[in-house]
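Let us walk through this structure together, one part at a time. Keep the viewer open as you read.

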Number of protein chains: 2
Amino acid sequence: MAHATGGAEAVVRIGELASRTGVSVRSLRYYEEQDLLHSARSPSGQRHYEETHIERVLFIQQLYAAGLSSRVIAELLPCADAPSTENSDSALVRMAQERDRLTAHIADLIRTRDALDTVMAKARTYREQLRTGQGDATAACRPSVQ
Amino acid sequence: MAHATGGAEAVVRIGELASRTGVSVRSLRYYEEQDLLHSARSPSGQRHYEETHIERVLFIQQLYAAGLSSRVIAELLPCADAPSTENSDSALVRMAQERDRLTAHIADLIRTRDALDTVMAKARTYREQLRTGQGDATAACRPSVQ
DNA sequence: CTAAAACCTGACATCCATGTGAGAGGCAAG
DNA sequence: CTTGCCTCTCACATGGATGTCAGGTTTTAG
């Protein structure tokens, strides 16, 4: 029952996929090497992708940006592709782990941002004091790490 | 008017600083090389720190964890130490930049976490369907990158 | 005094995503 | 056919924080 959707699904070559995702050709080949992205090959060996791969590449990038390694991403993607009892067990556990790691990391980042805010506020306060001609010049202001 | 606070401020050596911060000795030396952490030296050349350096090392680690590079951290720390008109101008700009970068990154991470949640939810739904014996088996569920 | 433990410098090793370059083949347009 | 551009594979380079090893001095404990 494989109904062809109008016939020739426009073939996307690696250069186009690269420019449409903002990811370098080199990286796309690397993703394939890491088993994150698969391609059909033309008789001459050129990689052929489909439109749907654009989304996939963006998702991969998003996971990289979140600090996941290739190995972990490779572990999760099959489940995202098509959940099945074979892959979902371990993958679900993994995802939950990564989700928690992310949550913790986000909290860390917020703390750090607050610390930066504190330092900036202190520095601005100091400048105010300077402008209005106060003494008490040097007040170290490490933002007591939380 | 240098009043000694009771006399000998307990000297902290590098091994102790390492164990009290959870940062390796190697890394502490590296921080010094990068001009993030300074040490007094004993006549024989051993590094002597003070209690206050513990906080500083933790702060450095926090900044590393937030994705700042040594170079940037080195740019910010003098201002955090003691704000002065010399350093605060450029450093304040830098800090604002990093603060914004952090905010953007946090937003990204939250989106990624949401995407993971979506994938997990779909996978769980699928398992439910399996358990209750539904058809419609394979429904790819890429979480349409936002 | 002696042995163990901690420290010093210097240098090379590692991980991982990505850059870069070489040399060769594929494919469309003039 | 030729020119130009895209693609292929292979392989080495890079950067940044950290690990690790070697060979030597200092400090501490018994």
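The paragraphs below go from the two protein chains to the DNA strands and then to a few single residues.

This is a predicted model, in which local features need pLDDT of at least 70 and side-chain atom pairs count only at pLDDT 80 or more, while totals for chains, interfaces and linings use all residues. Residues are numbered from 1 along each chain as its sequence is written, and chains are lettered from A and ligands numbered from 1 in the order in which they are written.

Start with the two protein copies. Two copies of a chain are related by a rotation about an axis and a shift along it. Here, chain A falls on chain B after a rotation of 180° with 0.0 Å of shift along the axis, at an RMSD of 0.1 Å (the fit is by least squares on the C-alpha atoms of residues with pLDDT of at least 70 in both copies). The two copies are therefore related as by a two-fold rotation axis. If you look for that axis from chain A, the nearest C-alpha is that of Ile106(A), 3.0 Å from it.

Now turn to where the chains meet. In total, 44 residues of chain A are in contact with 44 residues of chain B, contact meaning that the C-beta atoms, placed from the backbone, lie within 7 Å. On the chain A side, helices H3 (52–65), H4 (70–81) and H5 (85–131) each supply at least two residues; helices (H or I, at least four residues) and strands (E, at least two) are DSSP runs, numbered from the N terminus. The largest share, 25 residues, comes from H5(A). By class, this side has 25 nonpolar, 8 polar and 11 charged residues, where Ala, Val, Leu, Ile, Met, Phe, Trp, Tyr, Cys and Pro count as nonpolar, Asp, Glu, Lys and Arg as charged, and the others, Gly among them, as polar. Because 100% of the interface residues of chain A are also interface residues in chain B, the copies meet through the same surface.

Next, the DNA. Around strand D there are 19 residues, the closest being Arg13(A), Gly15(A), Arg47(A), Ser24(B) and Ser44(B); a residue is near a strand if its C-beta atom, placed from the backbone, lies within 6 Å of it. That surface divides into 4 nonpolar, 10 polar and 5 charged residues. H1 (14–21) and H2 (25–33) of chain A, together with H2 (25–33) of chain B, each give at least two of them. Strand C has 18 residues around it, and Ser24(A), Ser44(A), Arg13(B), Gly15(B) and Arg47(B) come nearest. Two or more residues each come from H2 of chain A and from H1 (14–21) and H2 of chain B.

Which residues of H4(B) are buried? They are Ile73(B), Leu76(B), Leu77(B), Cys79(B) and Ala80(B), buried meaning 20 or more other C-beta atoms within 10 Å of a residue's own, exposed 12 or fewer, and partly exposed in between, with C-beta atoms placed from the backbone. Seen down the axis of H4(B), the buried residues fall within an arc of 165°, so they line one face of the helix; the arc is that of the directions from the helix axis to the C-beta atoms.

Finally, look at Asp35(A), in the loop between H2 and strand E2 (40–41) of chain A. Its phi is near 70°, a positive value in a residue other than glycine. With 14 C-beta neighbours inside 10 Å, Asp35(A) counts as partly exposed.

Technical notes:
Two residues are in contact if their C-beta atoms, placed from the backbone, lie within 7 Å.
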